[in-house]
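Dear colleague,

Please find below the structure that I am handing over to you. My findings follow directly after it.

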Amino acid sequence: MPGYIKILSAFILCLALTGCEKVVNINLGTAAPQVVVQGAIETGLPPYVVLTSTISYSSQVNLTTLQNSFLHGATITVSDGSSTITLREYSFDTGVNNKFYIYSVDTANLTNPMLGQVGKFYTLNVTYNGTTYTSVTKIPAPKGIDSMWFGQPTSQSSKIPANAQQLFVNYTDPDTPGNYVRYFTQIDGGIYYPSGVFSDQAVNGKTIDDIGLYAGYDNSIDANGDSLSYFYPGETVTLKWCEIDKNVYNFWNTYQYANASLGNPFASPINIQTNISNGALGIWAGYGSVLTTAVVPF
């Protein structure tokens, strides 16, 4: 190989290697904070709304940051078409030197508490800093599951404890299209944690047997999902099977996809689909719920 070709080849190789080491600075810019609405009304329960603002990408997220993200002094109303109530803001001490804020019915005036009813539409109006954000949701008639039981997990991972049990259900979908479900699980009377959403797009009117469900848990903590996703002998488990409308399904479905894609450079970007108007983010959700309880066998 002539000498000048060797030199040229070495020069190109050096360019390639130094190019790989080049530091690229990306200016993410600064976006204006957006209002975030997290609200729901469920069968037999009063409405609630958690109102916050978005946090800057470059912010250090800690308890103080989260507490400062709550928005106070908003005027929030909920109407069922025949009556309207104004929600009141409450604060709760979390026990870790910060507070949690939520808007719900005024307990000092319970003449008209407005509890969720199947088949009704509920209109939410949130006025904050002179801007009003609106949303409408429905509490659909719940179908509920046919039966539920516990069995060996379908996964064969060595990380799953030997005594872990998975929850299984049989479900018959109504013969009308457009049924959507979100389910929650509760263990020994604790918190109901969400776990998944379903659509009947591919199973309309059919009976689906042996659907494997997982335990919901607080995924904001660094925990072993291979153990917390299952149930254990002696636990009393309640499955809350909730019928939801399409907009609520779209929000939670896109939210779960986006959450599962965090940190994956090969995942397709996705916008979480809100049902709140006027540029706000979040969800106003109606839940038609059915509860089923069983004890995990030994």
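In this predicted model, the side chain of Asn 179 reaches the backbone oxygen of Thr 176 at a distance of 2.5 Å. The side chain of Asn 179 also joins that of Asp 200 through a polar contact of 3.1 Å. Asn 179 itself is found in the loop that lies between S10 and strand S11, the latter comprising residues 180-187.

With a relative accessible area of 11%, Asn 179 counts as buried, because this value falls under the 20% limit. Leaving aside residues up to four places away in sequence, Asn 179 touches Asp 173, Pro 174, Phe 198, Ser 199, Asp 200, Asn 204 and Glu 243. Asp 200 thus appears among the residues touched by Asn 179 and is also its partner in the side-chain polar contact.

Strand S10, which precedes this loop, belongs to an open sheet of three strands. The order of the strands is S9-S10-S13, and their pairing is antiparallel. Strand S9 (147-151) and strand S13 (207-213) are the edge strands, each of which pairs on one side only. From one strand to the next, the twist averages 25°.

As to the pairing of S9 with S10 (residues 166-172), five bridges connect the two strands in the antiparallel sense. Within this part of the sheet, Met 148 stands opposite Val 169 in S10.

I should be grateful if you would examine the surroundings of Asn 179 alongside the model.

With kind regards

Methods
Residues numbered from 1 in each chain as written. Predicted model: local features only at pLDDT ≥ 70, side-chain atom pairs only at ≥ 80, totals over all residues. Heavy atoms only, no water. Pairing = 2+ DSSP bridges. Helix = DSSP H or I, 4+ residues; strand = E, 2+ residues; numbered from the N terminus. Axes fitted to C-alpha atoms, helices over the stretch in contact; angles between N-to-C directions. Buried < 20%, exposed > 50% of the residue type's maximum accessible area, 1.4 Å probe, protein only. Polar contact = N/O pair within 3.5 Å; in protein donor to acceptor, adjacent residues only side chain to side chain. Contact = heavy atoms within 4.5 Å.
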